[in-house]
Amino acid sequence: MFPLYPKCILQSTFRSFRALFMAVFILISCTLASGQEPVKPDADTGSGMRTGTRRPPVKDAQMRPITAGGFVDGAPVYFVDVTHQAGLDKFHHRSGEPAKTTILETPGSGVALLDYDNDGWLDIYLLNGSTVGALKGKEPAPRAMLLHNNHDGTFTDVTDKAGVANERWGFGVAVGDYDNDGWPDIYVSNYGKNRLYHNNHDGTFTDVAEKAGVTLGSWSTGATWGDYDHDGYLDLFVPGYVKFDINNPPISGHGGLPQGFCEFRGVPVMCGPRGLPGEPDHLFHNNKDGTFTDVSVKAGVDDSRGYYGLSSVFVDIDDDGWIDLAVANDSVPKYLYRNKHDGTFEDVSYLSGFALNDDGREQAAMGIAVGDYVRNGHIDLYITNFSDDYNTLYRNDGEGGFADVTSQAGISNLTLPFLGWGTGFLDFDNDGLLDIFVANGHVYPEVDKTDWGTTYRQRPLLLRNVDGLKFQEVPPATGSGLAVVVPARGAALGDLFNDGHIDVVLNNMDTTPTLLRNVTKNANHWVTLKLVGGAKSPRDAIGAKVFLMAGGVRQRADIFSGGSYASSSDQRLHFGLASATKIEKVEIFWPSGAKEAIELPAVDRIYMVVEGKGVVGQ
């Protein structure tokens, strides 16, 4: 029997061990990272993705791999696939060749939900990939697509008029009003030069990346906007993935790599990311004049270790009023940077418990979900990972630390056969508890030729929050939206039909996207808030947090850009209210530091709230 010590002493002791471990690790890592040496492969993973222990096949009653099966006849239907009816199937994603012989062809692209024309309805921006032939000018380049919401359940392609086709190898998209003119702008992360599409207020955009100084030109992934220095203007963080030369791609048996160097479970596959040099990360400070300055090194977020960044998000983790930065890295430890309020960040990845999982292992992190699923007022994080490993649920302990509570939540074994990408917290049934959505799809086409219990195309997962402590899988009803089997990557969540239900858009590899409309039927109520920042806040209020009390329950929601996998979701804040018909209290913490209490007269409505002016346009 261990003696019973006060909680604060136990936490302090635990953090001391964490701090010692982190110091030793950083010393070793910095030594290895000099000259940006590639992360060395190991016996379990070869030069591929970092995974957990090999798992036995998981199959359903009809002997289908559970990733493409497990459908339940007669189960309640919560989502339906309305891709064709909505007109989204006119878009077709392309990423290299079907064999996926190089890593450039495998991560896929993100998707954004944004109201680009300020008509009060969310539009959809789908990024496209490319091909080596297109990059070399030998064939037409695949194009991104902007789809205008027609307010009737359908969408119209307005890409040509808007001027946002990209026609580069697109990976990530982040939405933010960087010049505070009241119109959302779009940052696109590419292999090659990135784009910054400035909104011209007339349904068109202009690429100003060169002038703004944010093109880079390497391999960028899931960016995030946020005002890290409290000057009222959004800054931009852009993670980098792998240094990749299309003229000399890493392939087993070529370019000095021995035959069989790149394998997964003994099967030859594409090489990377482990064993390849990583791209650095970049933080761009907004100069308030349409240009940005790269302050990555000064701020301490440049990724000197050369890790493989895929997704990122600015959000206030420790509730000190300053946004912090979380980065999902593939097959290496994750980053968590604490804002020091002086233009710099402190790397607390290990000290916080976020870098590794509960087993002390790095994981192949792809996507990040942000939300207070416990309803204790603190931001929690959910990370999607590679197959043969579990997606990780990190509970915020409220004092700068995270605990991997995936097993306690009852969902560690569930995700093992799946390979997760885009993700998000959402209250799909408006019961006041945040649930989890996960988009899935494998990177190795070779898995379809094996008997491992996993597949290249996979169905999504919806995890219902039971009581703020545990989650349960929502059964995928046969023929429903949860039974679609696709090679999903990016996922964006939002109320596309303004009906108080959160929908999901998936950007799928080498095929059409998927629009999952939420058709949940119950008597629960809801409310949605669109925030507009004042003179000292970013105009789109990114970085704001809202606490809402209804039915005696206090909920929290934050406005952020990015997250998921390389995608941007609805920046309006949605609250499920269960049976409550009256909202008792709403407190808004604006990015400027101002605190404001407002009253909402009714439920089941969307409200616009302007900083310092309360609800407008009722």
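Two exercises on one open sheet follow, each with a worked solution.

The model is predicted: local features need pLDDT of at least 70, side-chain atom pairs count only at pLDDT 80 or more, and totals for chains, interfaces and linings use all residues. Residues are numbered from 1 along each chain as its sequence is written, and side-chain values use heavy atoms, without hydrogens and water.

**Exercise 1.** State the order of the four strands in the open sheet and find its edge strands.

Solution.
- Strands (E, at least two residues) are DSSP runs, numbered from the N terminus.
- Two strands pair if DSSP finds at least two bridges between them.
- The order is β1-β31-β30-β29, and the pairing is antiparallel.
- β1 (79-81) and β29 (488-494) each pair on one side only, which makes them the edge strands.

**Exercise 2.** Describe the pairing and burial of β31.

Solution.
- β31 covers residues 514-518 and is joined to β1 by three bridges.
- On the β1 side, Asp-81 has Leu-516 as its bridge partner.
- β30 (residues 503-508) is also joined to β31 by three bridges, and the two run antiparallel.
- Here Val-505 stands opposite Leu-515.
- β30 and β31 form a hairpin with five residues between them, and Asp-510 in the turn has a positive phi of about 55°.
- Four of the five residues of β31 are buried (under 20% relative accessible area, 1.4 Å probe, protein chains only), so β31 is largely enclosed by the rest of the structure.

How values were computed: Buried means under 20% relative accessible area, exposed over 50%, partly exposed in between (1.4 Å probe, protein chains only).
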